[in-house]
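Hi there,

I am passing a structure over to you, as promised. Please have a look at it first, and then read on for my notes.

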Amino acid sequence: MSKIAHTPQPPYYAVIFTSERTEGDHGYAEMAEEMARLASVQPGFLGVESAREGLGMTVSYWETLEAIQNWKQNERHLIAQSKGKSEWYLKYKTRICMVERDYEYRQ
């Protein structure tokens with residue numbers, strides 16, 4: 001993903017997922033694509049941004065805390081979470097924040 005997510009006027013929520021990966025793919029890329037597709041059709045999903053250069057960061061944007069909780073409990077997402085712990089990540093941290101203000105620059 002190389003685009004900045006288009007989000008509505010605040011307030012909304014951001015889930016910041018920061019991770020360090022294990023060596024090798026082990027099905028990670030395929031599952032990451034599936035999770036991006038699935039998240040994009042969840043009620044309350046607003047957008048996502050992701051980058052990986054050693055340290056990985058994915059920020060997803062949501063309308064409500066309830067929408068975030070529903071995504072966390074999605075059946076396929078639960079499988080991805082389990083595989084993340086057993087196969088794909090050395091460590092990770094998830095942060096959930098309310099976006100109170102945003103601004104942007106465009107050329």
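Below are my notes on the domain record, the aromatic rings, the pockets and a few single residues.

One caution before the details: this is a predicted model, and the values below are computed from it.

**The domain record**

UniProt, in an unreviewed entry, places the feature "domain: ABM" at residues 13–80. In the model, that span is 40% helix and 38% strand. The C-alpha atoms at its two ends lie 22 Å apart.

**Aromatic rings around Tyr28**

How many aromatic pairs does the structure hold? The count is eight. I looked closely at two of them, both of which involve Tyr28.

The first of these joins Tyr28 to Trp88 in an edge-to-face arrangement, with 5.5 Å from centre to centre and 80 degrees between the planes. This pair links distant parts of the chain: Tyr28 belongs to helix 1 (residues 28–40) and Trp88 to helix 3 (residues 75–88), 60 residues apart. Are these two residues buried or exposed? Tyr28 counts as buried because its relative accessibility is 18%, and the cut-off for buried is under 20%. Trp88 has a relative accessibility of 3%, so Trp88 counts as buried too.

Tyr28 also pairs with Tyr89, again edge-to-face, at 6.0 Å centre to centre and with 85 degrees between the planes. Here the link runs from helix 1 to strand 4 (residues 89–99), and the two residues are 61 apart in the chain. Tyr89, like Tyr28, is buried.

These rings belong to a wider group: Phe17, Tyr28, Trp88, Tyr89 and Tyr92 make up one aromatic cluster. Tyr28 has a charged neighbour as well, since the charged end of Arg21 sits over the Tyr28 ring, 3.8 Å from the ring centre.

**Two pockets**

The largest pocket has a volume of about 970 Å³. It is lined by 35 residues, and the ones closest to its centre are Phe17, Thr58, Trp71, His77 and Tyr89. Two of those names, Phe17 and Tyr89, will be familiar from the aromatic cluster.

Which elements supply the lining of the largest pocket? At least two residues each come from strand 1 (12–21), helix 1, strand 2 (45–53), strand 3 (55–62), helix 2 (65–72), helix 3 and strand 4. Helix 1 gives the largest share, with seven residues. By residue class, the lining consists of 21 nonpolar, 10 polar and four charged residues.

The second largest pocket has a volume of about 370 Å³. Of its 15 lining residues, Ile4, Ala5, Thr7, Asp102 and Glu104 are the closest to the centre. Its lining divides into eight nonpolar, three polar and four charged residues.

**Backbone details to check**

Most residues other than glycine have a negative phi, and most peptide bonds are trans. Two places in the model are worth a look with that in mind. Pro10 and Pro11 are joined by a cis peptide bond, with omega at about 10 degrees; Pro11 is in the segment before strand 1. His26, in the loop between strand 1 and helix 1, has a positive phi near 50 degrees.

**A few single residues**

Finally, here are three residues with their accessibility and a distance to go with each.

- His6 is in the segment before strand 1. With 65% relative accessibility, His6 counts as exposed. His6 and Tyr61 are 55 residues apart along the chain, and their C-alpha atoms are separated by 9.5 Å.
- Gln81 is part of helix 3 and counts as partly exposed, at 23% relative accessibility. From Gln81 to Ser50 there are 31 residues in sequence and 17 Å in space, C-alpha to C-alpha.
- Thr94 is in strand 4. Its relative accessibility is 41%, so Thr94 counts as partly exposed. Thr94 and Glu23 lie 71 residues apart along the chain, with 21 Å between their C-alpha atoms.

If you open the model with one place in mind, I would suggest Tyr28, where the pairs with Trp88 and Tyr89 come together with the charged end of Arg21.

Best wishes, and happy viewing!

Definitions and conventions. Residues are numbered from 1 along each chain as its sequence is written. This is a predicted model: local features need pLDDT of at least 70, side-chain atom pairs count only at pLDDT 80 or more; totals for chains, interfaces and linings use all residues. Side-chain values use heavy atoms; hydrogens and water are left out. UniProt positions are given in the numbering used here, feature names are shortened, and annotations may be inferred rather than shown by experiment. Helices (H or I, at least four residues) and strands (E, at least two) are DSSP runs, numbered from the N terminus. Rings of Phe, Tyr and Trp (its six-membered ring) pair if their centres lie within 6.5 Å; planes under 30 degrees apart count as stacked, over 60 as edge-to-face and the rest as tilted. Buried means under 20% relative accessible area, exposed over 50%, partly exposed in between (1.4 Å probe, protein chains only). A charge sits over a ring if NZ of Lys or CZ of Arg is within 6 Å of the ring centre and within 35 degrees of the ring normal. On a 1 Å grid over the protein atoms alone, a cavity is a set of points where a 1.4 Å probe fits but cannot get out, and a pocket is an open set with protein on both sides within 12 Å along at least five of seven lines; lining residues have an atom within 4 Å of a point. Grid points are joined across faces, edges and corners, and a volume is the space filled by probe spheres set on the points. Ala, Val, Leu, Ile, Met, Phe, Trp, Tyr, Cys and Pro count as nonpolar, Asp, Glu, Lys and Arg as charged, and the others, Gly among them, as polar.
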